[in-house]
Amino acid sequence: MSETTDKQEIVTGRCHCQAVTYSFAFTCPLTALYTHEAFIRRQTGFPINLYIPMNADLNFQFLPDSPTLQSFKSGDNTAFFCKSCGTTLSFTNGSGKLPCILAPTIELLPGKQLSDYLHPRAHIYLSEAGRGIGGLAGIIEDGLPHYMGNTGKAPTCESLMVAEQPVVGQSPGMNENYQSGPDVLDGHCCCGALRFSIARPPEDYENDPILKRWIKPGRKFAASFCFCTSCRAVSGAPLFGWCFTPTKLLDISPLSIPSLAVYKSSDKSTRRFCASCGATAFFALDSLNNEMWDIAIGLLPLGELESGDWCIWKYDGGDQFVDSYIHGWKDGTLSYECDGENYFKGLVEQVRSSRSNSGLVN
């Protein structure tokens, strides 16, 4: 991001691999919205996303030297992502409309915070957030108004007790044979090309040396929120959430294998995303030799995750391998809080407050 005058800056943003770049003109903090809508959730892989609606005066544009820029259209929505690393950078709602940029893809000047460039105003599309306010839908405790749709009447807890909305524009039968049951969690990306399932750990999991390292008491998976720069930059989400799953309990549909793109995000890790729509899906530390993959929680049924039947969200005093694997887990902190504080300190504080007050993560 380069500064042009005392009053105006040309703001730039990039995907994780820096192959795609956009720019827009900035003069004062812009309105931003937290969205819980399924379309964006299944693009980034995280339940809550933060975007800035552009207007004509901002002169938003993708730079011409962005050869890996790709689009995915679903109904009236179009997402723009990098086909090399999978980062979703922007989207549009309806033909001909100006884009909305995912704020976490903005590059900040040294000493700047994301809050210097935007003011979040509300949480929208709570009707698509799962079973109710709280849990995953309430992990950001910021006091902003919550709306069922784009704007309008604030929801009540009763009004949100609805089934998760289908993916916008999904093809008929996409969910056929992919309905979660009592012992299976089914996940899919935004376009449905990537479909997978997670099996509940067996009762005798402690007899398996691999499962014993990763499965928590009660046959639950460890799950955690992460503020690391890499997770944010590769997804376009303001923070991220992972369910740590032994691969022997993960079943990827054979028809999905051709759609699973591989990206080396560092010299120690490999990420996987949907090549068709860009959805962030899996992370693997190479040293584990594919024993366990981190799975993006936004591709899984949110109601099941927030029920507490499948995941444990805090350190339970154990001493398993997974307890040391999750950064900050034993200390009771969010993973890589320092990265988040350097980028958006206020958001870290809000999620930290939610951890203290929410039954899901405390």
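This report describes two open sheets in a predicted model and a helix that lies across strands of one of them.

## The seven-stranded sheet

Seven strands form an open sheet with mixed pairing, and their order is 7-8-9-10-5-4-11. The edge positions belong to strand 7 (69-74) and strand 11 (118-124); each has a single partner strand, so one side of each lacks a neighbour in the sheet. From one strand to the next, the twist averages 30°.

Within this order, strand 9 is followed by strand 10. Strand 9 covers residues 88-93 and strand 10 covers residues 100-102; the two pair in the antiparallel sense over two bridges. Phe 91 has Cys 100, in strand 10, as its bridge partner.

## The helix across the sheet

Helix 6, formed by residues 337-357, lies across strand 4 (30-35), strand 5 (49-53) and strand 11. Its direction makes an angle of about 35° with strand 4. Strand 11, one of the strands that the helix crosses, is also an edge strand of the sheet.

## The three-stranded sheet

A further open sheet contains three strands in the order 12-13-17, with antiparallel pairing. Strand 12 (184-188) and strand 17 (250-252) are its edge strands, and each pairs on one side only. Neighbouring strands are turned against each other by 20° on average, direction ignored.

Strand 13, residues 195-199, is joined to strand 17 by three bridges, and these two strands run antiparallel. Here Phe 196 stands opposite Ile 252 of strand 17.

## Basis of the pairing

In general, the strands of a sheet pair through backbone hydrogen bonds, in either a parallel or an antiparallel manner.

Methods
Residues are numbered from 1 along each chain as its sequence is written. This is a predicted model: local features need pLDDT of at least 70, side-chain atom pairs count only at pLDDT 80 or more; totals for chains, interfaces and linings use all residues. Side-chain values use heavy atoms; hydrogens and water are left out. Two strands pair if DSSP finds at least two bridges between them. Helices (H or I, at least four residues) and strands (E, at least two) are DSSP runs, numbered from the N terminus. Axes are lines fitted to C-alpha atoms, for helices over the stretch in contact, and angles run from 0 to 180 degrees between N-to-C directions. Contact means heavy atoms within 4.5 Å.
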